[in-house]
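I opened this model to make some notes on its packing and on a few buried polar side chains. The entries follow the order in which I looked things up.

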Amino acid sequence: MKIYINYDDERWRKYKIDFNKIANAAALHVGKDAEVSIVLTNDAKIHQLNKTYRNIDKPTNVLSFELDDDILLGDIYISFDTVLRECKDENISFEDHAAHMIVHGVLHLQGYDHIRDKDAKIMENKEINILKNIGIKNPYKAESNACSDLSCCPGNKIFLWLKRFKIKENSIWQYIIMALLGGIAALGFAPFHIWWATLIAVAAAYKLSINVTHNITTLKAFLRILPFSAAYALAMFWWVVNSIYVVPELTAQFAIWTIPALLGIALLGGVVFSIPFVVVMRVRTFPACRAFLFAATWVLILWFREWLLTGFPWNPIANILMPSQLLSNSMSLWGALGASFVVLGLIASIIELVNLRKSKIGWVTFIIFLVLAFIGSTYGYINVKKSKQITSTSPIIRVVQPARSAVQKATHSREEAIQNATENVRVLIDLASSTGAPDLIVFPETSYPFVVLKGDDMPLAEVLNNNVIIGATTYSDNNMYNSMIVSTSNGEIQKVYSKSHLVPFGEYRPFGDIIPTPGQLEKGFGPEIINMNIKDHSFKFAPAICYEIIFSDSLVPKGEHPDAVINITNDTWFGNTPGTYQHLDMVRRYAIESGLPIIRANYSGISAFISADGAVMSEIPVGLSGYMDGVIFGAHVTPYRSIGRDTWMIIILLFSCICTISLYAKQNKN
C-alpha cells in the first residue's frame, strides 16, 4: 500500500515514526496499489474539519475520510496537540499513541467502525493484534480514549444512526435485499412504467456492489449480485411460461416444464445481468472511471443478446424512458444501446459522486452523462417534429384483430379442424367487410387457418375484392415456414415473406430433442422491402413477423427507404400479462430508432397504428375483437438508422475508453 505523508505541523518531524510500516501493518483487505494520505496536523485544523463536516465545535485526535474506493482509500488527519495531551493524561509514549491513531484510521478506511458494541469489539481486537505485531502493547489496558466520541467517523448524528442498519457482507439480509431490488428494477417496464423504481433499484444494487471493503474473487462477486440479476430477469420474463397454459393439450404435455423453465430464466438472466456488476467489483480503477465501465459493459451485454439463441434483446433499459416522449426519442439519435448507456452512466456517476462527495473528477463524469442526456433529448425533440410532418400519406389501411382464443384455433380431430378453420375464416371476412373503404386489409400472424403451398392463390382476398396481407403457415421444399402472404384483390399471391428470427423453444429446437418444442419451422432469408401498387400509387413497406420487430437495425436493408413497417403478430399465448404490453413498447422503440411508422396487426391485441416518434395513434385493446382504419405518414431516416447498431456499439466503446483513459490520467496527475 502506498502511503503519502503530509506534514501540516512541523512539530511532528522531531518524532521518528515509521508511518509507512504502521499503516501497511493495518492494511488487512487492500491491494498493493491502494493509496492512503496521512495528514499530520494540529488542533486548529481538526477543529475546523469537525466544525465543517460534523457540526462539532471542538478538536479530536483523529479523523478518517473514507472514499469507498479500492485504490484511493481516503485521508487520515491526526492532531499533534490532542495526541500529546492524551499521552500525558494516560502516561503513554507519544510514538505508541500516534501508531495507535494510524492503525485506527486505516481500519476505518477499510470499513471497520465502533458504533455498536459488537463492532467496536471486533475493531479493538484488530487494533490490538496489529499493534502487537509491530511491538506495541495493548492500548486499551491504559484506558485510552482514542476516538471514544466517534471523532474519526465524519458525518452527523443522523448518518451515524443510519449506519447502525448497515448491511453486512454475505449476510442473509444482503441477499434478500438484492433479490427485492431485482424485482423492483423490473417495474420500470410496461405495463407499470414506474421508471424511477428501476433507477433507484439499479442504483442501490450498484452501491451495494461497489461497497466491498476487500479484494473479492470473481465467484464471490457473482454470488453477491446473483440474487438481484436473477430476480430482475424472472420479474421481466416470467410471462413466457404463460404460453404453456393457453391450450389444454399443450398444458398436459408441457406443464411439467414450468418450474424448470422459470429456474432456467432466473439462472440464465442471473448470469447475463450480473456481468456489469461483477466487472465493476473486480476491475480496479478510479470511481469516476467506474461509471463508464459499468454502463459500457451493460450495453455490450445487450448487444450480445441480439444473437444468443437467435437473439432475445427484450427490454433494454432504455425502454423505461417510453413515458417521456423527448427522452425516448433520443433513441432516434443513438438507439436503445446509446440511451441505455446514458441512463446507466447517470445512475453510476450519481452514486460515485455521492461516495466521493467533493471530488472534481466525479463531477466531470456526472456532467459528461448529463450533457449526453441533454443532447439526446434535444434530438428527440427534432425527431418528434419530423415525425409529425405530412408530406404524403399511405393508402387507407384496415387492421383486423380477430381475438379468437387459442382453443378456438386449435386442431383436434380432422372434422373439428375443418370446422374451426371455416369459422375462423368467416370471422375474418365479417370483420374485414365492415363499413368503410380500405385500400389494404392487414390480418395478424397465422390468422389464415390453412397451409399455403407454392402456386396457391389467396381466396380470402378474392372474396373481399381487396389487397390483403395475412399471416399463414406455408410449405415449400419439404419445409414449413411462418409467413406473411401479400395478395392482390384478385387473389393472386404477389409475395411470400417468411420469418427469419424464429422463437427458441416455440418455433425451433435450439438443443435438439432435449427440450420438447411445439413446432419445428425453417427460417426465412432475412430483411427485404415489399412494393405494392395500390390505386396506381407505390406503397413500400418492410415486413416483420412477431418478435422480429424487437431486433434493432434488422428490418430495413441499407439504402432502402420504405414508407412504413408492417408487423403481423400473435400475442394470444401471453394473454393480458406484461409481455403483451412490453411487446408493444418494443414496437414503439423500433419506430423511434428507424424513423418509420408501423402498422401492427395482433391476433388478440394490442393492434395499433404507431407514428415514427413511437406515439400510439390508435389501437385495439387486448382481447377485443374488431378493426380500425388509418393512414401513416412521417417516414424519415434517423441518424441511428444511417449509422447502424454495430457502428454505434463501437462508438460507445471508444467513447468509454477515451473518457476512462483521460480521467484516469487526470486523477493520477492530481
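Are H12 and H15 roughly parallel or roughly antiparallel to each other? Before answering I noted that I am working with a predicted model.

**Entry 1, a helix pair.** I looked up helix H12 (residues 287-304) and helix H15 (residues 360-388), and found that they pack at an angle of about 30°, with their axes 8 Å apart. Since angles under 35 degrees count as roughly parallel, I therefore recorded H12 and H15 as roughly parallel to each other. I then listed the residues that meet: Ala 288, Ala 291 and Phe 292 come from H12, while Ile 361, Gly 362, Thr 365, Ile 368 and Phe 369 come from H15. Sorted by class, this contact of H12 with H15 has 6 nonpolar and 2 polar residues, and no charged ones.

**Entry 2, the nonpolar cores.** I turned next to the largest nonpolar core, which has 120 residues, and asked which of them touch the most other members. They are Trp 298, Phe 539 and Ile 566. Helix H14 (residues 331-356) gives the most to this core, contributing 15 residues. For Ile 566 I wrote down the contacts, leaving aside residues up to four places away in sequence: Leu 440, Val 442, Ile 469, Met 484, Phe 539, Phe 541, Ala 542, Pro 543, Ala 544 and Ile 599. I also noted a second, separate core of 37 residues, among them Ala 98, Ile 102, Leu 109 and Leu 131.

**Entry 3, Arg 224.** I located Arg 224 in helix H9 (residues 218-237) and asked whether Arg 224 is buried or exposed. With a relative accessible area of 4%, Arg 224 is buried, because the cut-off for that word is under 20%. I found two polar partners for its side chain: the side chain of Gln 174, in a polar contact at 3.4 Å, and the backbone oxygen of Leu 208, which lies 2.6 Å from a polar atom of the Arg 224 side chain.

**Entry 4, Asn 315.** My last search was for Asn 315, which lies in the loop between H12 and helix H13 (325-328) and counts as buried at 3% relative accessibility. Leaving aside residues up to four places away in sequence, I saw that Asn 315 touches Phe 189, Met 236, Arg 305, Gln 582 and Met 586. With Gln 582 there is a polar contact between the two side chains, at 3.2 Å. I also noted that Asn 315 and Trp 303 are 12 residues apart along the chain, with their C-alpha atoms separated by 12 Å.

Notes. Residues are numbered from 1 along each chain as its sequence is written. This is a predicted model: local features need pLDDT of at least 70, side-chain atom pairs count only at pLDDT 80 or more; totals for chains, interfaces and linings use all residues. Side-chain values use heavy atoms; hydrogens and water are left out. A nonpolar core is a set of buried Ala, Val, Leu, Ile, Met, Phe, Trp, Tyr and Cys residues joined through side-chain atoms within 4.5 Å. Buried means under 20% relative accessible area, exposed over 50%, partly exposed in between (1.4 Å probe, protein chains only). Helices (H or I, at least four residues) and strands (E, at least two) are DSSP runs, numbered from the N terminus. Contact means heavy atoms within 4.5 Å. A polar contact is a pair of N or O atoms within 3.5 Å; within protein, one must be able to donate a hydrogen and the other to accept it, and residues adjacent in sequence count only if both atoms are side-chain atoms. Axes are lines fitted to C-alpha atoms, for helices over the stretch in contact, and angles run from 0 to 180 degrees between N-to-C directions. Angles under 35 degrees count as roughly parallel, over 145 as roughly antiparallel, 65 to 115 as roughly perpendicular and the rest as oblique. Ala, Val, Leu, Ile, Met, Phe, Trp, Tyr, Cys and Pro count as nonpolar, Asp, Glu, Lys and Arg as charged, and the others, Gly among them, as polar.
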